[in-house]
Amino acid sequence: MEEEEEEQVATEPPKIHRLDESVVNRIAAGEVIQRPVSAVKELVENSLDAHSSSINVVVKDGGLKLIQVSDDGHGIRYEDLPILCERHTTSKLSSFEDLQSIKSMGFRGEALASMTYVAHVTVTTITKGQLHGYRVSYKDGVMEHEPKACAAVKGTQIMIENLFYNMSARRKNLQNSADDYSKIVDLLSRFAIHHTSVSFSCRKHGAGRADVSSVATLSRIDAIRSVYGVSVARSLMKVEALDNDPSSSVFQMDGFISNSEYVAKKITMVLFINDRLVDCTALKRALEIVYAATLPKASKPFIYMSIVLPPEHVDVNVHPTKREVSLLNQEVIIEKIQSVVESRLRSSNETQIFQEQTVEPPSSSQMISSKDSNRNPLASGSKSQKVPVNKMVRTDSSDPAGRLHSYLHAEPRGHLEKNTSLTAVRSSVRQRRNPKETADLSSIQELIAEIDSNCHSGMLDIVRHCTYIGMADDVFALLQHDTHLYLANVVSLSKELMYQQVLRRFAHFNAIQLSNPAPLKELIVLALKEGDTDPESTENDELNEKIAEMNTELLKQKADLVEEYFSIHIDKDGNLSRLPVILDQYTPDMDRVPEFVLCLGNDVDWEEEKKCFQVISAALGNFYAMHPPMLPNPSGDGLQFYQKRKLVRNNEGSLSCNTDFSGYT
């Protein structure tokens, strides 16, 4: 009887009970925030919804220890802070019908709430017109304390600390921080090439250099070049598709696809639908089939596409992380895009461009060759030199003997000098993406070596480890190092900093896009007038016009060189449209552009390579340096140490900026 009763109890259905709200929220949070990159995506999309023009991301331990996203958007109102992290609180919509025409990235009001259940969240924000910002911490969807007044910069900063601290199983599965960080870098790279009006940066906590650094630009291809590199941008073709037939499909597509010269191990597809970063497996597969059939050797393409459809034709509420969307007439749209891409590839495959590249052995390989010749006295004249066995197999790319240059036969010195050309060197420079490996130009290496050899170790230690106190006057700043207080000339320091930055970043600059291209001739005339003792006089107008025309023609001839090495873009009409980024997140005083352009035209010796690069670098350093007055109400005697340079007219009628290069050593 007892056994029968036990069997009867075992077969009874389990009792259904209501889960505790905290358990429900934690389960939901684990679905919305699957990895650190999921949290970054949600926060960046919130920043974009806030109309930010600059978004900065800092990550520690792959996002498990820290994710910090800062923007300069409109901020969060003080009255909204108490419900900011509650579930299903949002400013994006108020009724279900609003989903039919939703244009914002977020709409559910789940992301921030989910983060508070699996991490420690701190929000710092300030809105326009406020004298100070507010900082508040959240846990399990509610504030841990009242908002505290604090100093803040425009916009919002959200810190996510100790992600998944209460989900041990998931945290253990995400211990590979390098893998998660690479996913975050890839995510920011995709956002950067689509939202070209926003500057993005992403770096590891404590790192001095950002792994993603883009500036706002009007050109999509420039954004791709900045983020993915010159080799990728050079291999892309523009593609467009349009359909306005309501009976079949209504959409507009534009983007860039790689040609036959692009070769990679895996496909890179960046897809935005109505400005929303999404995945579309069906479209990706269709394009892979086209490439495999049309360009078998380049079957792993790079694809960027932006598709715009009427909001009512897109269902954005089909995936927990909004990674996928559902489209009306999706099959028709994919088929038409596939057809356009196939047609573009077939037309581009008719011609193919092969670029010639000459690689010259560096001094290290020549030294190795000379050592080998000393060991083997018979190797001379026309006799071939025997290659050591250890150099016949490349085993280590970091070892000088294992670099590819070691496998090139060094030709006699005279023959090398005869065949050396600037074009060959430029081709070699373009292949390098690491700024630390400066171009193999002896002139640049010599300039950097001069800086290193003249460096004062004591002064370097003071500058590197000092604490900034404040400005003493318009030029001098107070710096504290150990127990000593120093006066530092900010103008001179910034000039030297910018000059060295130009040399270190040589041929690897991002670019600032000017909103309106500036005619060189007008800039030079403006600079010449500023240099005249009587700007109102018209006596020198005719001479100034001639000087401006000559300099403009000269700079148009040198446009390829300055764009190649310094990202200074001058179009065929003589307009200046881009300038290099010397220091990230820093914009120079644009009032000094005329003076800078005049210096390029008058001071540069274009015939001697080293002097040419030094003068251009110095001119950029002077242009980007911080110039007085740097305080709202200038006062004091600091200005006497740095007066604006006057242009000097020589006997031949030409002008010189009298740039002082004595400090650039």
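Select Lys336 and Asp243 to begin, and their side chains will be seen to meet in a salt bridge at 2.1 Å, N to O, a term that stands for a side-chain nitrogen of Lys or Arg within 4 Å of a carboxyl oxygen of Asp or Glu. This pair links distant parts of the chain, with Lys336 in helix H10 (residues 330-348) and Asp243 in strand S10 (residues 236-245), 93 residues apart. Helices (H or I, at least four residues) and strands (E, at least two) are DSSP runs, numbered from the N terminus. Lys336 is partly exposed, with a relative accessible area of 29%, whereas Asp243 counts as buried at 9%; buried means under 20% relative accessible area, exposed means over 50%, and partly exposed lies in between (1.4 Å probe, protein chains only).

Before going on, keep in mind that this is a predicted model, in which local features need pLDDT of at least 70 and side-chain atom pairs count only at pLDDT 80 or more, while totals for chains, interfaces and linings use all residues. Residues are numbered from 1 along each chain as its sequence is written, and side-chain values use heavy atoms, with hydrogens and water left out.

**More salt bridges**

Side chains of opposite charge can pair when their charged atoms come close. How many salt bridges does a search of the whole structure find? The search finds 20.

Select Arg35 and Asp180 next, a salt bridge in which the closest N and O atoms are 3.0 Å apart. Here too the pair links distant parts of the chain, since Arg35 sits in the loop between helix H2 (21-32) and helix H3 (36-49) while Asp180 belongs to helix H6 (residues 177-194), 145 residues apart. Is Asp180 buried or exposed? Asp180 is buried, with a relative accessible area of 2%, and its partner Arg35 counts as partly exposed at 27%.

Then move to Arg77 and Asp80, whose closest N and O atoms are 3.2 Å apart in another salt bridge. Arg77 is exposed, with a relative accessible area of 51%, and Asp80 counts as partly exposed at 27%.

To see a network of salt bridges, select Asp222, Arg225, Glu563 and Arg578 together, as these residues are linked in one.

**A patch of charge on the surface**

Now show Lys183, Lys266, Lys284 and Lys300, which gather in a patch of positive charge on the surface. Patches are made of residues with over 30% relative accessible area and no salt bridge, with like charges joined within 9 Å and nonpolar side chains (Val, Leu, Ile, Met, Phe, Trp, Tyr) within 5 Å. Of this group, pick out Lys284, which lies in helix H9 (residues 281-294) and is partly exposed, with a relative accessible area of 34%.

**Into the buried parts**

Select helix H4 (residues 111-118), where eight of the eight residues are buried, so the helix is largely enclosed by the rest of the structure. Among the buried residues to click through in H4 are Leu112, Met115, Tyr117 and Val118.

From there, go to Gln68 in strand S2 (residues 66-71), a residue that is buried, with a relative accessible area of 18%. Add Thr122 to the selection, and the C-alpha atoms of Gln68 and Thr122 will be found 9.5 Å apart in space, although the two residues are 54 apart in sequence.

Finish with the cysteines Cys150 and Cys599. Cys150 is buried, with a relative accessible area of 14%, and Cys599 also counts as buried, at 4%. With a disulfide taken as a pair of cysteine sulfur atoms within 2.5 Å, the count of disulfides comes to zero.

Methods. Accessible areas come from the Shrake-Rupley method with a 1.4 Å probe; for residues, only the protein chains shown count as cover. Lys and Arg count as positive and Asp and Glu as negative; His and the chain ends are not counted. The place of a charge is taken as NZ of Lys, CZ of Arg, CG of Asp or CD of Glu.
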